[in-house]
Amino acid sequence: MPKDFFRLHGLGEPRSRRRFLAQVSFGLGGVMGLMLGVPLIGYLFGPLIKRSPQQWIDLGPVSDFALGQTKLVSFTDPSSVPWAGQTSQTSVWVRQTAPNAFDVFAVNCTHLGCPVNWLDGARLFECPCHGGIYYSDGTVAAGPPPRSLFKHETRIVDGRLQAFTIPLPTSQLSEYVGNA
Amino acid sequence: MSATPEARPKTLWRRLGGWFEDRSHIYEGLLPIVQHPVPKGVNWWYVFGSATLAAFILQVITGVALAMIYVPAPSGAYQSLQFITSSAPLGSLLRGMHFFGASAMVIMITAHVLRVFLMGSYKFPREFNWLTGAFLLVLTAAMAFTGQLLRWDQDAYWGVVVMAEQAGKTPVIGQLVAQLVVAGSTVGGATLTRFFATHVFLLPALIFGFVLVHLWLVVFDGISEPPRPGVPVDPATYKQRYHEILEKDGEPFFPDAAWRDAVFAVLMFAVIMVLAAIVGAPQLGKPADPTIVNADPRPDWYFLWYFAVLSLIPPVLENFVILSVPVLLGVLVIMVPFVSNRGERHPSRRPVAVVLVVGMLLGLTVLTIEGYQAPWSPEIQAVQDVAIPPQIEQRATGDAAQGLQLFRIRGCITCHALGGAGGRKGPDLTTVGSRLTRDQIIVRILNGGPNMPAFGGNISDQELQQLVAFMETLR
């Protein structure tokens with residue numbers, strides 16, 4: 001671009017008609033950008049500002065769970081979209097520790113979220129990704145996890161076990177889930 | 001510039017061509033660009049950039065073809081990919097080309113970056129070419145990651161969960177970032193469409209834009225001349241000297257240099273086609289299903305090194321590595337052409353650059369191999385289906401035979417190998433009986449270790465006796 005481009009076209013001169021028209025054009029471009037940008041940003045970020053509703057979900061009658069057993073229970077995530085198919089499902093590990101006292105663990109490893117497996121013979125949870133291992137009460141036995149498995153809040157209503165859902169990312173969870 | 005020289009007879013074709021050029025100005029506009037002079041001696045090291053572009057074009061074309069069948073919804077994505085792979089005419093070939101094309105693009109852009117770095121081509125006045133190239137590298141990695149998710153198998157599903165957890169570690173806005181990436185508070189239907197739109201619209205558009213600027217700068221500032229030892233870059237005189245090089249014996253880029261790009265690109269296409277035809281499209285894992293926790297998520301090969309990093313870093317450094325290292329690396333890369341925009345370009349005069357590149361390649365190779373083997377992951381399946389070597393099984397009789405069963409059932413085998421069978425998270429126990437005394441074995445089982453669960457309170461006296469009896473036979 002030639003150095004004297006602005007002088008050539010009169011853009012550098014104060015109060016010239018040409019300079020005014022250039023400023024108006026740039027300004028209108030900005031207005032158009034806002035007209036497109038504001039709805040777009042609202043569309044993308046809006047759902048996030050409105051915190052997705054977490055709620056109690058039913059895990060089945062208390063009698064489904066034997067004392068001392070650890071069992072995988074699946075349920076439909078209430079926040080999933082109608083076309084989510086199989087991914088609308090979520091799982092938790094349920095363990096009855098004493099009569100009518102339950103630990104409901106999120107399946108996500110507290111390291112980076114992979115699904116932990118319960119090995120009934122070993123009485124351990126093992127994670128297939130980065131090697132996290134937990135005891136049956138959810139405390140860390142080995143590997144990189146920084147804390148014990150996340151526990152859902154639980155309650156028993158009319159003889160049925162219920163758990164309160166927890167959202168991703170679990171690394172932000174301390175406000176939802178007590179340090180187990 | 002006239003497309004119809006007067007001396008030649010005017011055939012119908014020539015007249016048509018002349019009319020077309022007169023109305024379109026295509027040659028007039030493009031010829032000076034494709035024939036911009038390049039220094040004599042531009043060689044085979046200069047082909048990787050155009051090969052990256054060729055791979056990208058192949059990705060766009062095969063990607064459009066795949067998108068004609070692919071359904072970006074959880075209920076259809078996996079099935080439509082199965083259909084493409086097994087039923088659609090040439091579908092397996094196209095998916096294979098898209099897969100190996102992605103690998104080619106990652107390899108070529110890496111080779112290009114390393115060539116530019118080692119030859120000091122990023123120095124004055126080509127700083128902005130380095131920066132646009134750095135963005136293109138990040139965009140290529142983002143394409144690779146978003147593409148892997150679209151398979152919507154277990155690897156893809158848990159890969160996104162892991163990525164969201166990392167994003168969630170960002171201070172203050174972590175939750176916002178993670179939920180923006182997965183489009184909600186769970187990985188589900190909205191996640192897949194978000195990644196699909198990003199992979200097929202947003203990122204390719206950005207890549208097109210950056211490639212345009214990248215090439216624009218190549219045309220304006222020229223291809224860097226092959227470096228010679230003892231000929232440093234001095235911003236005060238470089239442009240004058242480069243101009244003189246071109247004046248003296250510059251060649252038109254097309255065809256004097258471009259033929260090498262064409263030869264290399266066609267070889268690359270041939271390799272991609274052969275791999276796609278013989279090896280075929282990558283196997284789809286099990287369909288994404290959050291209720292099947294028996295997963296074994298692994299990233300595609302180009303991210304295995306990072307998978308290894310996440311597994312091997314000490315927990316205290318983890319947040320630093322996940323959050324700060326990418327930012328620091330980004331700042332370093334941006335600073336490269338500004339910190340060293342002058343001086344020697346030839347690798348023989350820049351030992352630090354060579355050491356950096358060799359060290360990086362060695363590190364990436366070692367981490368990739370580690371990531372492939374993943375010795376830190378327990379072999380969860382081994383509880384069910386491990387085959388204990390017969391010579392070990394034969395020596396275990398009586399209590400020891402019971403102990404061998406416990407070794408498997410109680411999960412020891414998921415972390416400890418016996419004669420090559422089992423996990424590698426913990427030490428190989430094939431000869432533990434000759435290494436440790438009976439008491440040492442008992443202490444270790446009951447108390448565990450820094451990276452081993454304690455089984456005290458979780459194992460009966462009888463089981464412990466049987467297990468130790470078995471381990472004493474391991475000599």
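**Notebook: A:H130 and the contact of chains A and B**

I began with A:H130 and found that its side chain makes a polar contact with the side chain of A:H111, at 3.2 Å. I note at once that this is a predicted model, and I read each entry below with that in mind.

I then looked up where A:H130 sits, and placed it in the loop between β6 (124-126) and β7 (133-135) of chain A. Is A:H130 buried or exposed? I recorded a relative accessibility of 4%, and because buried means under 20%, A:H130 counts as buried. Leaving aside residues up to four places away in sequence, I listed what A:H130 touches: in chain A these are A:H111, A:L112 and A:P144, and in chain B they are B:V162, B:F307, B:L310, B:S311, B:W376 and B:S377.

Those contacts led me to the interface. I noted that 54 residues of chain A and 61 residues of chain B take part in the contact, and that the two chains bury about 4600 Å² between them, with 61% of it on carbon and sulfur atoms. On the side of chain B, I found that B:E165, B:Q175 and B:V293 lose the most area to chain A, together 15% of what that side buries.

Which polar links cross the interface? I looked for salt bridges between chain B and chain A and the count was 0, whereas the rule for polar contacts finds 14 residue pairs, both residues of each at pLDDT 80 or more. I went through the helices of chain B next, and saw that α7 (154-167), α8 (174-182), α9 (189-221), α12 (304-312), α13 (318-339) and α18 (412-415) each supply at least two residues of the side that touches chain A. Of the elements on that side, α7(B) gives the most, with 7 residues. Sorting the side of chain B by class, I wrote down 32 nonpolar, 20 polar and 9 charged residues.

My last entries concern aromatic rings, for which I have 26 pairs over all chains. I examined B:F124 and B:Y238, whose ring centres are 6.4 Å apart with planes at 90°, so the pair is edge-to-face. Since B:F124 lies in the loop between α5 (91-118) and α6 (127-149) and B:Y238 in helix α10 (residues 238-249), the pair ties together parts of chain B that are 114 residues apart in sequence. B:Y238 is buried, at 2% relative accessible area. I also checked B:Y302 and B:F303, an edge-to-face pair with centres 5.5 Å apart and planes at 90°; both of these residues are buried, and together with B:F145, B:F195 and B:W301 they form one aromatic cluster.

How values were computed:
Residues numbered from 1 in each chain as written. Chains lettered and ligands numbered in written order. Predicted model: local features only at pLDDT ≥ 70, side-chain atom pairs only at ≥ 80, totals over all residues. Heavy atoms only, no water. Contact = heavy atoms within 4.5 Å. Buried area = accessible area lost by both parts, 1.4 Å probe. Salt bridge = Lys/Arg side-chain N within 4 Å of Asp/Glu carboxyl O. Polar contact = N/O pair within 3.5 Å; in protein donor to acceptor, adjacent residues only side chain to side chain. Helix = DSSP H or I, 4+ residues; strand = E, 2+ residues; numbered from the N terminus. Nonpolar A, V, L, I, M, F, W, Y, C, P; charged D, E, K, R; others polar. Buried < 20%, exposed > 50% of the residue type's maximum accessible area, 1.4 Å probe, protein only. Phe/Tyr/Trp six-rings, centres within 6.5 Å; stacked < 30°, edge-to-face > 60°.
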